[in-house]
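User: I keep meeting labels such as "buried" and "paired" in structure descriptions. Can you show me how each one is earned?

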Amino acid sequence: MWMSWFLKGTTCLLQVAARSTPRLPPQRCISSALVRILTKPHTPRFAIPSYYSQGQLWGMSLPISCTRSYKKDTKSILDFPVDPITVTDIKQYLRSKDIPFHDGYSCLHAPSMFLDSAVGVPADTGRESFTMFIDKTTGQFLCKETLVEGSWEDLQDCLEVMQKEGQASLSPHVLLGYPESLEEREEKEQELREVQRIWSSAVPFSDLPDEEAQLVKTMFQIGKISNATLKKFAVRLFKPTKSLVFPWFGGRDSSLRGVKLLSAQSMEGGTVAYTEATVPKAGSYHNLFGLPLVGRMDSEVVLTGQEVDTLAVSQATGLPSVALPRGVNTLPPALLPYLEQFKRVTLWLGGDMRSWEASKIFSRKLGLKRCSLVRPGEFQPCPLEALFQGRNLARIVKASIPAAHKSIVSFRQLREDVYGELANTEQVAGVKWTRFPELNRIMKGHRKGELTVFTGPTGSGKTTFISEFALDLCMQGVNTLWGSFEINNVRLAKIMLTQFAMQRLEENLDQYDSWADRFEDLPLYFMTFHGQQNIKAVLDTMQHAVYLYDISHVIIDNLQFMMGQENLSVDKFAVQDHIIGAFRKFATNSSCHVTLIIHPRKEEDDRELQTASIFGTAKASQEADNVLILQEKKLVTCPGRRSLQVAKNRFDGDVGIFPLEFNKASLTFSAPVKGKHKLRKVKGDKGEGSDNEESLGETLKKEETTVKKEKLVKLERPPKATKTPRAVKSPAAGKGTPENEGKKQP
């Protein structure tokens, strides 16, 4: 353990040295920064529940267009243990060290080695003393009393040292990690001071004039929430930014650890944009809003995706309710210990399909047997409005369904899912692209649980295109994991940052920090693999990322780099089929979209790629839900040289092709000027108004044929010669007849 501390300290010194480059001084007045953040509309990060978008929350008719932003961990490189730990390994180790434990829903409960009688905790063996929680999946541990946390390796080191030295407990400060740099310490202290400054400046609703309080409630669509409920949850108003302040309390003393500010701003067209900001950053603090109000003996809780939902549920039902810090995008495993005491957890994350999918994913972490889900569309058009119409807790319990399903299900169990898909066709189609509207017309959207195979000629820009393809979705809140085995993460991040900023930052280095800060907020992670890798290690890392960060999109660039580590005695095509089958199974079981880049076979430059051009057997195209081909016409220089072809679309069968233009300055792709080329859909018929329209493929083929013909004419056309009259024999005349010689036939 001492060696690991030394290495961490050395790493810290290297980091300090790297930060010695002079940079702009940090913003000393965070309040003014918050004013700019909260008054500036952000790009929409994720879909919001339908009852917000319809503007019908609690009987209001105001049209709402919400934009939600959030922060994430600054640690974006996925740190995966070399040897994945299993719950069996954890239990065996604890038994070997004579450590008692109880088996919980998602964690093992054990006595904390960081507590003793000196801190006022009785040294007994009852369940109340089991305050250390060990995650069954990762081995991460947390002591709820002292807030000491660490990895499974850290826990093993502590136990070894404690037992070797014959100690009954360890100091909570033993796992402080490597020392913080001066800049990090100052930033942390500044954030804590800012939390206190905001909190002391915020005003309780009970101290506001009635008219002002009602105006604020109307702006945030919480007109039915009473001042008593707001006081119970300690919600205040921060007047400088006209923001609601939701506090986070934690620790043994329930002290203030952070705040979330929700601001509202009127937009054009009478809509209202909502923006979130957290201090400190959400990545550095994990907690559940409303947690201090939960009693030790409570056995049921409602888990919501937003703080205002928690207020409504608590007021209408009286049931303990807590809100996730990042909405429906992720449930950090660090929060699982705080939910272990509940025998029943009702997930009420929203009324849209995205919230419904998140509920099913989160229930796997929490334990299927104790989770219940509120059906989407059960309370239409507004789920929370039903709470204020006399529907009590019994109605909620009746509306919720068990999260666990057997291996064999009946239509009765699937009935509500089928109805939800029929009633929400747009949401079922998936997340829409904002940079590729033509792709939305064909594929309809990006959906979880699917496998997409992407191919294109060498040097055509496959990695560049797919990075923008994934960035577009990531900017809308799709948690993304990149596995780039062909180019390193620094170069890939540089490409994506350039596409994000839509400009060459080499020429505008003064803007780098601003764009990098915004880029860092994206839910984007990278694998540290490079070069040839084993498929098992890659799949283990992907599964680990899905659990930790709720990853919903994985990009693998590319398949060929995972084939070199396999058994050389096995046929390479059989190896490829095995890898594709493994990714197909992962996508289905993990409800995660996998985009797999595969190089094509070598084709002639003048030939278009087909589905059969994908390297390997037909299994790739058979297993894939979508097949995308980046076509490149090397003999054509007009707009439309590159085009994207959707060769397979299992969702609804639409396939087609549309042209792309490449902008070298921003490394982005876009459709040409409208009117140059027509979007072609291949469905067996021409469709309305398409009788006189040529497809893009036909146009390119004609252009290519014209170029070839011109070249052939120039190279092969013989010189012009003077033609002389040629004698033609008459059928009536005999051969060599003198009178017919030299005569022309008419």
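Analyst: What follows goes through some labels one by one, and the model is a predicted one.

User: Why is C143 called buried?

Analyst: Buried means under 20% relative accessible area. C143 has a value of 0%, so the label fits.

User: What makes C474 buried or exposed?

Analyst: C474 has a relative accessible area of 1%. The cut-off for buried is under 20%, so C474 is buried.

User: How many disulfides does a search of the whole structure find?

Analyst: Zero. To count, two cysteine sulfur atoms must lie within 2.5 Å. A disulfide is a covalent bond between the sulfur atoms of two cysteines. The search covered the whole structure and found none.

User: How do you know that β1 and β2 pair?

Analyst: Pairing needs at least two bridges between the strands. Strand β1 (residues 102–103) and β2 have two, so they pair, in the antiparallel sense. One partnership links H102 to H109 in β2. A hairpin of three residues joins β1 to β2.

User: What makes β2 and β3 a pair?

Analyst: Four bridges connect β2 and strand β3 (residues 132–135). The requirement is at least two, so they pair; the sense is antiparallel. C107 has D135 in β3 as its bridge partner.

User: Which residues show that both faces of β2 are covered?

Analyst: Strand β2 spans residues 107–110. C107 and H109 are on one side, with L108 and A110 on the other. All four of these residues are buried. In a regular strand the side chains alternate between the two faces of the sheet.

User: Why are β1 and β5 said to stand at the edges?

Analyst: The open sheet has five strands in the order β1-β2-β3-β4-β5, with antiparallel pairing. β1 and β5 (149–150) each have a single partner strand, so one side of each lacks a neighbour in the sheet. Helix α5 (residues 152–164) packs on this sheet, touching β3, β4 (141–143) and β5. The direction of α5 makes about 135° with that of β3.

User: Why does H593 count as buried?

Analyst: H593 lies in strand β20 (residues 593–597). Its relative accessibility is 2%, and buried means under 20%, so H593 is buried.

User: What makes the link between H593 and R447 a polar contact?

Analyst: The cut-off for such a contact is 3.5 Å. The side chain of H593 reaches the backbone oxygen of R447 at 2.6 Å, within that limit. H593 also touches other residues, including H446, K448, S552 and N626.

Methods. Residues numbered from 1 in each chain as written. Predicted model: local features only at pLDDT ≥ 70, side-chain atom pairs only at ≥ 80, totals over all residues. Heavy atoms only, no water. Buried < 20%, exposed > 50% of the residue type's maximum accessible area, 1.4 Å probe, protein only. Contact = heavy atoms within 4.5 Å. Axes fitted to C-alpha atoms, helices over the stretch in contact; angles between N-to-C directions. Polar contact = N/O pair within 3.5 Å; in protein donor to acceptor, adjacent residues only side chain to side chain. Lists of a residue's contacts leave out its neighbours within four places in sequence.
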